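The exercises below are meant to be worked through with the sequence and the model side by side. Try each task before reading its solution.

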Amino acid sequence: MSSPSASPAPVSRRGFLASTAAATSVSLLAPRTVFGASANEKVTLGLIGCGGRGKWIANLFQKHGGYHLAAVHDYFPERAETAGGELKVENGRRFSGLAGYRKLLESPLDAVIIQSPPYFHPEQAAAAVEAGKHVYVAKPIAVDVPGCLSIEESGRKATARKLAFLVDFQTRAHPAYQEVVRWVHTGRIGRVVTVESNYQTSTMFTAMGQQLAKDPANPELRLRCWAIDRVLSGDVITEQNIHAQDVVTWFLNAAPLKAVGTGGLARGFGTCWDHFSVIYTFPNGVINTFSSKQVGHAYDDILCRVYGTEGTADTHYFGEVWVKSREDGFQGGKLANLYMDGAVNNIAAFHSAITSGDTSNPTVAPSVRSNLTTILGRTAAYAHGEVTWDDMMRRAEKWEFPLDRLHG
């Protein structure tokens with residue numbers, strides 16, 4: 001792939017997940033065809049990754065009304081069994097072990113939901129496409145450059161094989177964000193000069209830190225505590241901060257040319273850093289200043305603010321979304337449920353793509369671009385210096401996890 005003032009939010013994304021108990025249902029679309037059958041016969045699903053978000057989003061798929069969850073997989077048998085029981089999946093369709101997802105893919109399924117740790121997304125998505133399944137995959141799509149390129153190729157193959165492939169970014173699925181981005185793209189705030197983006201949360205994953213400290217080299221324990229493991233998660237800039245940077249690259253419709261950065265780890269556990277500061281240079285001299293933290297207390301926000309010669313756009317994941325020019329503006333209001341609402345919209349879009357035969361798969365390319373943008377910032381921060389997009393792509397550094405020490 002070539003380079004081409006708001007108040008703080010009341011809760012974090014993950015904090016909201018913990019408090020979410022229900023989701024808005026979406027009506028089944030008019031009958032079309034799924035593999036030659038009526039859409040009302042439902043899209044049969046398998047879930048790969050039975051952690052908290054995996055079970056949560058599987059429930060949203062079930063609430064949609066157009067899906068039937070028929071199989072689950074997780075590396076840990078007890079998680080697969082627990083999820084299978086809660087989601088009413090028959091005993092013989094609850095798979096576990098490192099390669100257990102392949103057994104799931106051998107099942108008579110139409111589609112799969114991939115909610116495993118990001119390290120595994122490229123391999124599992126590629127295998128799903130090879131097996132002829134539609135793919136719904138969580139962000140981030142990968143932890144390194146080769147993984148991003150693998151997802152890009154899987155998206156191309158999916159389109160060629162008439163399979164839907166959707167990457168679950170909530171902001172891009174929300175009408176308020178879409179309208180504000182339209183204002184920027186049509187020049188209504190003038191020429192974009194600078195962009196500010198932040199992803200700020202309080203200290204997270206303390207319990208994981210305490211658990212991992214008992215045996216930090218144990219690969220199974222690292223897998224249980226993947227959110228604080230740099231290799232499995234991609235580090236916080238890729239695993240979580242990508243929400244902010246995805247909006248930046250969406251606004252600018254471009255990838256950065258270079259980045260200079262720094263950061264570190266203050267909280268004392270895990271291998272992921274808990275703060276980053278990066279300055280990106282985009283085409284036409286546009287500068288994006290980005291900062292994030294996952295340490296401390298009392299402030300949480302995910303924002304992207306665009307400054308143009310004739311106006312400003314301001315977006316907050318759990319706050320106000322608006323844009324103003326010299327003459328007029330658009331007020332999107334406060335988005336209290338974006339974490340859920342965006343997922344609900346994407347689930348409906350995935351169903352529509354499958355039943356209508358739309359396999360253009362428009363979420364793949366921008367998701368690859370924003371994922372690589374976070375990797376560029378991460379690489380520059382680790383180097384405490386400047387890295388160009390072309391250098392990053394040329395090096396194509398691959399991250400490795402000791403899979404040979406996990407059971408099959």
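**Exercise 1.** Which residue in E13 is the bridge partner of Tyr199?

*Solution.* Before starting, note that this is a predicted model, in which local features need pLDDT of at least 70, side-chain atom pairs count only at pLDDT 80 or more, and totals for chains, interfaces and linings use all residues. Residues are numbered from 1 along each chain as its sequence is written, and side-chain values use heavy atoms, with hydrogens and water left out. Begin with the two strands (DSSP runs of E, at least two residues, numbered from the N terminus): E9 covers residues 192–201 and E13 covers residues 301–308, and they pair in the antiparallel sense over eight bridges. Pairing requires that DSSP finds at least two bridges between two strands. Within E13, the partner of Tyr199 is Ile302.

**Exercise 2.** Place this pair in its sheet, and explain what happens at the edges.

*Solution.* The sheet is open and has nine strands, in the order E16-E15-E14-E13-E9-E12-E11-E10-E17, with mixed pairing. Strand E16 (329–334) and strand E17 (386–388) are at the edges and each has a single partner strand, so one side of each lacks a neighbour in the sheet. From one strand to the next, the twist averages 10°.

**Exercise 3.** Which residues of the largest nonpolar core touch the most other members?

*Solution.* A nonpolar core is a set of buried Ala, Val, Leu, Ile, Met, Phe, Trp, Tyr and Cys residues joined through side-chain atoms within 4.5 Å, where buried means under 20% relative accessible area, with a 1.4 Å probe and protein chains only. The largest core has 104 residues, and those touching the most other members are Phe61, Val135, Phe165, Phe251, Phe350, Leu372 and Met392. Its largest share, nine residues, comes from helix H13 (residues 338–356). Phe350 can then be followed outward: leaving aside residues up to four places away in sequence, its contacts (heavy atoms within 4.5 Å) include Phe61, Tyr67 and Val135.

**Exercise 4.** Where does the backbone depart from the common pattern, and what surrounds those places?

*Solution.* Most residues other than glycine have a negative phi, and most peptide bonds are trans. The bond from Lys139 to Pro140, however, is cis, with omega near -15°, and Pro140 is found in the loop between strand E7 (134–138) and helix H6 (145–160). Phe205, although not a glycine, has a positive phi of about 65°; Phe205 lies in the loop between E9 and helix H8 (206–212), and its relative accessibility of 16% means that Phe205 counts as buried.

How values were computed: Helices (H or I, at least four residues) and strands (E, at least two) are DSSP runs, numbered from the N terminus. Axes are lines fitted to C-alpha atoms, for helices over the stretch in contact, and angles run from 0 to 180 degrees between N-to-C directions. Buried means under 20% relative accessible area, exposed over 50%, partly exposed in between (1.4 Å probe, protein chains only).
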